[in-house]
Amino acid sequence: MNSAARRIGRTLALVLPVVLVLSGTLAVTRVPWASPGTDSQMLTASSENASTKAGSRAPQDVLRDRLLVELQDKDPGVALTHLQEETTKRPSLAKHCMAIARALGRAAVAKYGGATHRAQAWSRPVCDTSFATGVASVQ
C-alpha cells in the first residue's frame, strides 16, 4: 500500500505541472487579442493626435536643443559651461556629452558665418575637446 501511494504521488508530481502549464498556455491562446481573425480593436497613434511634449523626448535631445538655443542667444562659452554642469549633475548624460559638444561646435561655426577661428576661440576641454572636433568637422 505504501509503495502504491508513493508511485501515485510521483506520477502526480510529474504530470500535474505539465498539465497546468499546458492548460495555462491554451487559456492564453483563447483570449480574443491573441488570434488574428477576431474583430478586436487596435489602438493606434496618429500623427494628427500625437503630442510633442518635451517629456516624451530623450533627455539628451532636450539638453542639446536647449544648449543650441543658448549658444545662439548668448555665446558658445555659456553653452559649454552649462553642458559641463548638466553632465556633472546628471551622470547619465555623460555618454552623450561628446555628441552634444560636437553639435555645439558645428552650431558655433554657423553662428559666426563659417569663421572657424572665431568658433574655435571658445574651445575648452569639455567632453574630450569634442567642441573643437565639431568646429573642425565643418571645414
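User: Which helices are included in what covers the buried residues of α6?
Analyst: This is a predicted model, where local features need pLDDT of at least 70, side-chain atom pairs count only at pLDDT 80 or more, and totals for chains, interfaces and linings use all residues. In α6, the buried residues are S130, F131, A132, G134 and V135; buried means under 20% relative accessible area, exposed means over 50%, and partly exposed lies in between (1.4 Å probe, protein chains only). Taking contact as heavy atoms within 4.5 Å, the cover over these residues includes α3, α4 and α5.

User: How many helices does the protein chain have?
Analyst: Residues are numbered from 1 along each chain as its sequence is written, and side-chain values use heavy atoms, with hydrogens and water left out. Helices (H or I, at least four residues) and strands (E, at least two) are DSSP runs, numbered from the N terminus. Along the sequence the pattern reads α-α-α-α-α-α. There are 0 strands, and the helices number 6.

User: What share of the contacts with a separation of 6 or more comes from residues 24 or more positions apart?
Analyst: For background, the protein chain has 139 residues, of which 24% count as buried. Among its contacts with a separation of 6 or more, the share from residues 24 or more positions apart is 62%.

User: Happy to move inside: which helix gives the most residues to the largest nonpolar core?
Analyst: A nonpolar core is a set of buried Ala, Val, Leu, Ile, Met, Phe, Trp, Tyr and Cys residues joined through side-chain atoms within 4.5 Å. The largest one here has 21 residues, and L67, L83 and L104 have the most contacts inside it. At least two core residues come from each of α2 (59-73), α3 (76-89), α4 (97-111) and α6 (130-138). With 7 residues, the top contributor is α4.

User: Which residues does L67 contact, leaving aside its neighbours within four places in sequence?
Analyst: L67 is among the residues with the most contacts inside the largest nonpolar core. In soluble globular proteins, nonpolar side chains tend to be buried together. Leaving aside those sequence neighbours, the contacts of L67 are A79, H82, L83, I100 and L104.

User: How is α3 oriented relative to α4?
Analyst: Axes are lines fitted to C-alpha atoms, for helices over the stretch in contact, and angles run from 0 to 180 degrees between N-to-C directions. Angles under 35 degrees count as roughly parallel, over 145 as roughly antiparallel, 65 to 115 as roughly perpendicular, and the rest as oblique. The axes of α3 and α4 lie 11 Å apart, at an angle of about 175 degrees. This makes α3, relative to α4, roughly antiparallel.

User: How many charged residues are in the contact of α3 with α4?
Analyst: From α3 come P76, A79, L80, L83 and T87, which meet C97, I100, A101, L104 and A108 of α4. Ala, Val, Leu, Ile, Met, Phe, Trp, Tyr, Cys and Pro count as nonpolar, Asp, Glu, Lys and Arg as charged, and the others, Gly among them, as polar. The split is 9 nonpolar, 1 polar and, for charged residues, none.

User: And α2 with α4: what angle do they pack at, and how many charged residues are in the contact?
Analyst: The two axes are 10 Å apart and the angle is about 25 degrees, so α2 and α4 are roughly parallel. In α2, Q60, L63, R64, L67, L68, L71 and Q72 meet I100, A103, L104, A107, A108 and K111 in α4. That contact has 9 nonpolar and 2 polar residues, and its charged residues number 2.

User: What is the handedness of the crossing of α4 and α6?
Analyst: The axes come within 7 Å and cross at roughly 45 degrees, so α4 and α6 are oblique to each other. A crossing is left-handed if the near helix is turned anticlockwise from the far one by less than a right angle, and right-handed if clockwise. The crossing of α4 and α6 is right-handed.

User: Which residues does Q120 touch, not counting those up to four places away in sequence?
Analyst: Q120 sits in helix α5 (residues 116-120) and is partly exposed, with a relative accessible area of 32%. Its C-alpha is 8.3 Å from that of A136, 16 residues apart in sequence. Beyond those sequence neighbours, Q120 touches A132 and V135.

User: Is P125 buried or exposed?
Analyst: P125 belongs to the loop between α5 and α6. Its relative accessible area is 71%, so P125 is exposed.
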